Each structure stands twice: as C-alpha cells, then as structure tokens.
Amino acid sequence: MRDKPKVSIWCPVYNQEKYIQNAIEGFLMQKVDFSYEIVIHDDASTDDTVAILKEYEKKYPQLIRILYESENQYSKHKYPCFYSVTMMRKELRGDYVAMCEGDDYWTDPDKLQIQVDYMEKHPECVMTGHDAEMLNCKTGERKRLKLCQSERDVSASGVICGNEDMVTGSIVYRREILDMDGFFLDVCVGDFPLKLYSLTKGKVHYFDRMMSVYRYLSQGSWSSNQLVDTQSYMIRWMNEFVFLERYNKYTDGKCSIAIRKLLNEKMNQLPYEFSQLSMGQFQHLCEKCDRDMDYEAHKYYEVLLHAFRQYHDEAYLSDEVMGFLQSSKKIFIWGAGTYGKLLAEQLKNNSMEFEGFIVSEDQDNPEICKGKIVWKWNNLPFEKTEIGIMVAVNLSAGIQICETIYKNGIKDYIYPFRVSCDGLINY
C-alpha cells in the first residue's frame with residue numbers, strides 16, 4: 001500500500017502524443033516537501049499516447065498511475081463532467097487535487113509548493129490558481145494571459161465575466177470540492193462550474209505569477225474541436241446558459257448582474273460565429289440541438305434563432321419591428337451600411353415603408369441609399385419629437401448611438417440587432 005499523498009495530480013489525456021511528455025515532465029520537476037501522486041486518465045487514445053504513458057508508468061511505478069479506457073468515455077456521456085468527477089472521487093487519494101490536461105504543462109518547479117503552502121496557511125481558501133502563458137498551436141504565438149490584473153481573492157462575478165479567472169492547468173483545490181453534485185455536474189465543460197462551486201464553499205486565490213502553459217488550438221483539444229463541430233459548440237453554450245440560470249437560483253441572485261452581462265454578450269456574438277451557415281442549416285442545427293438538451297434550453301434557442309434571422313434573413317421582420325412601425329412617427333433607419341441596408345430590405349420584403357436613413361456627422365455616406373435620402377444626424381428637417389429611429393449598426397457603435405438618441409430626448413427608438421436575454425432569467 002502506497003503512503004497517502006498530500007496532493008493528487010489529475011491529468012486527463014486523449015490522443016496527445018505530441019504533448020504528454022511536456023505535461024509529465026512538468027509534474028516530475030516539482031520541488032516539494034510533501035508527497036504527491038500522478039494519476040493520468042487515458043480516454044482510449046488511438047495514437048502513440050498509450051505507448052508513451054506505459055514508458056513513464058514503468059519508470060516511475062511508485063509515483064505514476066495510469067487509468068486506461070478501452071472505449072472512449074467522453075463521447076459516450078451527455079455530461080462528461082459527471083463521469084470524470086465520479087472517477088476522481090474513487091481514484092484520487094490526496095488532500096488536494098492539482099489539475100493539468102495532457103496538452104498543457106507546468107513551467108515553474110515551485111508551483112505546487114506555493115499553492116499548497118498558501119492553502120495550508122489559509123484554511124478558508126478552498127482553491128488557488130495562477131497566471132499562465134498561452135501558446136497558439138496554429139501560429140506559434142505566445143502571450144501572457146493575465147486573466148487577473150493582480151494577486152487577489154477572485155469573485156464569482158469576476159469568474160463569470162472573465163476578468164478574474166484562471167485556466168484549468170493552474171488550479172489546485174481541496175479534495176472536498178469533489179463532493180459537488182446536482183446541476184454542477186450536468187455540464188459539458190467542467191472547470192467553469194468547478195470554480196463557481198468552490199466560491200460557494202470558501203475563497204479562491206489567484207497568484208499573479210506565470211507558472212504554466214495553456215496550449216490553444218492544440219490537435220484534438222476542446223478549443224480546436226469547437227471550431228469545426230458547430231453542434232457541440234452550440235450545445236456547449238446553451239448548456240452554459242442553463243447552468244448559469246440554475247447557479248443564479250442556487251446563489252439567490254448574488255451574481256445576477258454578471259450573469260446577465262455574459263448571457264447578453266455571448267448571445268450577441270453567436271449569430272456572427274454561425275454566419276457561415278444558411279438560414280435552413282442554422283434552423284436545422286437549432287432544432288437538433290434543442291432535442292438533445294434539457295427543456296430549460298429551449299427559450300435560448302428561440303432567442304438565438306430570432307437573432308440569426310435578424311442578421312441573415314432578408315424576409316424576416318420581428319414582432320418588435322412590426323410593432324414599432326405601427327406608430328404614427330416618421331420612421332428612420334440609423335445606419336446606411338450592411339445592417340442598415342439589410343433592415344431596409346427586410347422592410348421592403350414585408351411591404352413596410354420608412355422615411356430614410358440617418359448617419360453620424362463623421363460618416364461619409366452617399367446621399368441616396370436604397371432609393372432613400374441619407375440624412376446627417378444634425379441636419380434632419382424634422383422635429384425630434386416627430387421621428388422614430390431603428391438603429392442598424394454593429395454592436396460596438398450601436399450602444400453609443402442609442403445613448404446619443406436618448407440624450408437628445410428621443411424616446412421612440414429600437415435596436416433590433418441587439419439581442420437581450422434580460423427577460424429569460426428571474427434576477
């Protein structure tokens with residue numbers, strides 16, 4: 001019987017023959033005054049990963065344990081996190097768990113000692129992490145991530161918004177965090193819920209010290225697969241939306257502002273990210289993913305489908321736009337670029353009229369667009385109380401334009417290209 005280790009290093013691996021040696025050598029170089037074990041879970045790799053693991057297992061039999069799968073488990077489970085945590089509870093013997101996936105690696109020999117020492121001195125701290133270097137495997141570019149700007153205890157809101165975060169390969173946490181259950185395990189990606197669960201049990205501390213490398217777009221990695229597998233990418237985000245809704249209830253709405261911010265930002269990005277699909281392809285994808293998801297996700301698919309149609313379907317006219325057009329105002333479209341022309345085409349295809357276009361003073365636009373006059377904002381020959389405005393520009397400019405409209409006392413305006421999830425969650 002091996003002595004009980006202070007730390008269990010957990011390393012999930014699949015087809016990472018190019019990287020796994022870096023990961024293991026990073027484990028072996030740790031300078032510590034306590035014992036640790038290295039537990040590697042190979043999820044039925046089909047390349048030379050297994051052969052490499054067997055060599056290390058033979059060389060370090062007292063230190064390294066390999067858990068071999070004969071069949072890939074990740075692809076078999078709707079929520080792989082549940083399977084992983086169940087296995088970790090069974091196999092890991094340490095008081096602390098250190099995470100590092102097989103394509104990432106540690107670069108600082110004092111990493112484990114620093115993190116464990118801190119947690120030993122601060123019993124209220126249940127997890128620590130640190131800064132990392134990101135290596136883009138497609139371009140070779142390296143850069144410091146700086147997911148926090150200084151050493152600190154992070155907040156749940158900061159983790160949700162991404163301005164107080166830490167990569168998986170940096171995390172060390174107390175074993176009792178593996179007791180998380182329920183909706184925390186009903187997820188596609190496990191490190192995000194793990195961090196948020198930890199913040200309900202104690203403090204999470206971030207070290208502003210770069211002690212590992214995070215490989216981005218490595219062969220076979222989650223980040224790489226998401227670029228080509230549109231279905232899993234969509235399911236991942238719908239699953240995360242549902243998780244955040246449940247987390248909001250679990251924490252009595254303490255992170256509602258951050259959750260609202262993330263939901264709105266991502267829901268506004270997704271129509272761009274799926275723009276290579278046709279309307280029919282996107283609708284089929286939504287319907288297929290919706291069938292595979294929990295019922296709570298259905299409302300997010302409906303919003304996403306509306307957003308995609310607003311951006312890509314020339315025959316579409318939302319209920320919001322239809323209702324706005326029924327007012328007695330003189331209706332203008334602010335923006336004579338891609339979105340303005342699209343909205344004009346949507347109005348035309350639904351036999352709806354508008355007065356013309358508005359552009360900012362610094363915009364260089366033609367005087368006529370789609371057969372309508374293009375007016376500079378300060379040269380409109382109408383009273384501001386007479387008009388209604390539909391904003392049709394990209395998000396970065398749209399928020400500022402809406403503020404300008406509001407400050408000028410115009411209350412009748414809408415921004416149909418901005419997606420909002422505010423009504424989907426009880427905050």
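How do the residues of the lining of the second largest pocket divide into nonpolar, polar and charged, and what are the counts of each? The lining has nine nonpolar, eight polar and three charged residues. In this classification Ala, Val, Leu, Ile, Met, Phe, Trp, Tyr, Cys and Pro count as nonpolar, Asp, Glu, Lys and Arg as charged, and the others, Gly among them, as polar.

The model is predicted: local features need pLDDT of at least 70 and side-chain atom pairs count only at pLDDT 80 or more, while totals for chains, interfaces and linings use all residues. Residues are numbered from 1 along each chain as its sequence is written, and side-chain values use heavy atoms, with hydrogens and water left out.

The second largest pocket holds about 360 Å³ of space. Its lining has 20 residues, and those closest to the centre of the pocket are W334, V359, S360, Q363 and I401. Two elements, α13 (338–349) and α14 (395–407), give two or more residues to this lining. The greatest contribution is from α14, with four residues. Helices here are DSSP runs of H or I with at least four residues, strands are runs of E with at least two, and both are numbered from the N terminus. A pocket is an open set of points on a 1 Å grid over the protein atoms alone, with protein on both sides within 12 Å along at least five of seven lines; a cavity is a set of points where a 1.4 Å probe fits but cannot get out, and lining residues have an atom within 4 Å of a point. Grid points are joined across faces, edges and corners, and a volume is the space filled by probe spheres set on the points.

Next come the cavities. Rolling a probe the size of a water molecule over the atoms shows where empty space is left. The structure holds two cavities of 30 Å³ or more. In the largest cavity lies about 60 Å³ of space, and its lining is made of V187, C188, V189, F192, P193, R236, N239, E240 and F243. Both α6 (191–201) and α8 supply at least two of these lining residues, and α8 gives the most, with four. By class, the lining of the largest cavity has six nonpolar, one polar and two charged residues.

The second largest cavity has a volume of about 30 Å³. Around it are H130, D131, A132, L145, L147, D165, M166, V167 and Y206. Strand β6 (residues 125–136) provides the largest share of this lining, three residues. The lining of the second largest cavity divides into six nonpolar, one polar and two charged residues.

Helix α8, which also lines the largest cavity, leads to the helix packing. Two packed helices are described by the angle between their axes and the distance between the axes. Helix α8 (residues 230–250) packs against helix α11 (residues 298–312) at an angle of about 125°, with the axes 9 Å apart. Axes are lines fitted to C-alpha atoms, for helices over the stretch in contact, and angles run from 0 to 180 degrees between N-to-C directions. The pair α8 and α11 is therefore oblique; angles under 35 degrees count as roughly parallel, over 145 as roughly antiparallel, 65 to 115 as roughly perpendicular and the rest as oblique. On the α8 side M234, I235, M238, F241, V242 and E245 meet K299, Y300, Y301 and L304 in α11, where contact means heavy atoms within 4.5 Å. This contact of α8 with α11 has eight nonpolar, no polar and two charged residues.

Helix α11 also meets α13, and the axes of α11 and α13 come within 8 Å and cross at roughly 100°. That angle makes α11 roughly perpendicular to α13. R309, Q310, Y311 and H312 of α11 touch Y339, L342, L343 and Q346 of α13. These residues divide into four nonpolar, three polar and one charged.

Helix α1 (residues 20–28) and helix α2 (residues 49–59) form another pair, with axes that come within 10 Å and cross at roughly 20°. They are therefore roughly parallel to each other. I20, Q21, I24, E25 and L28 of α1 make the contact with I52, L53 and Y56 of α2.
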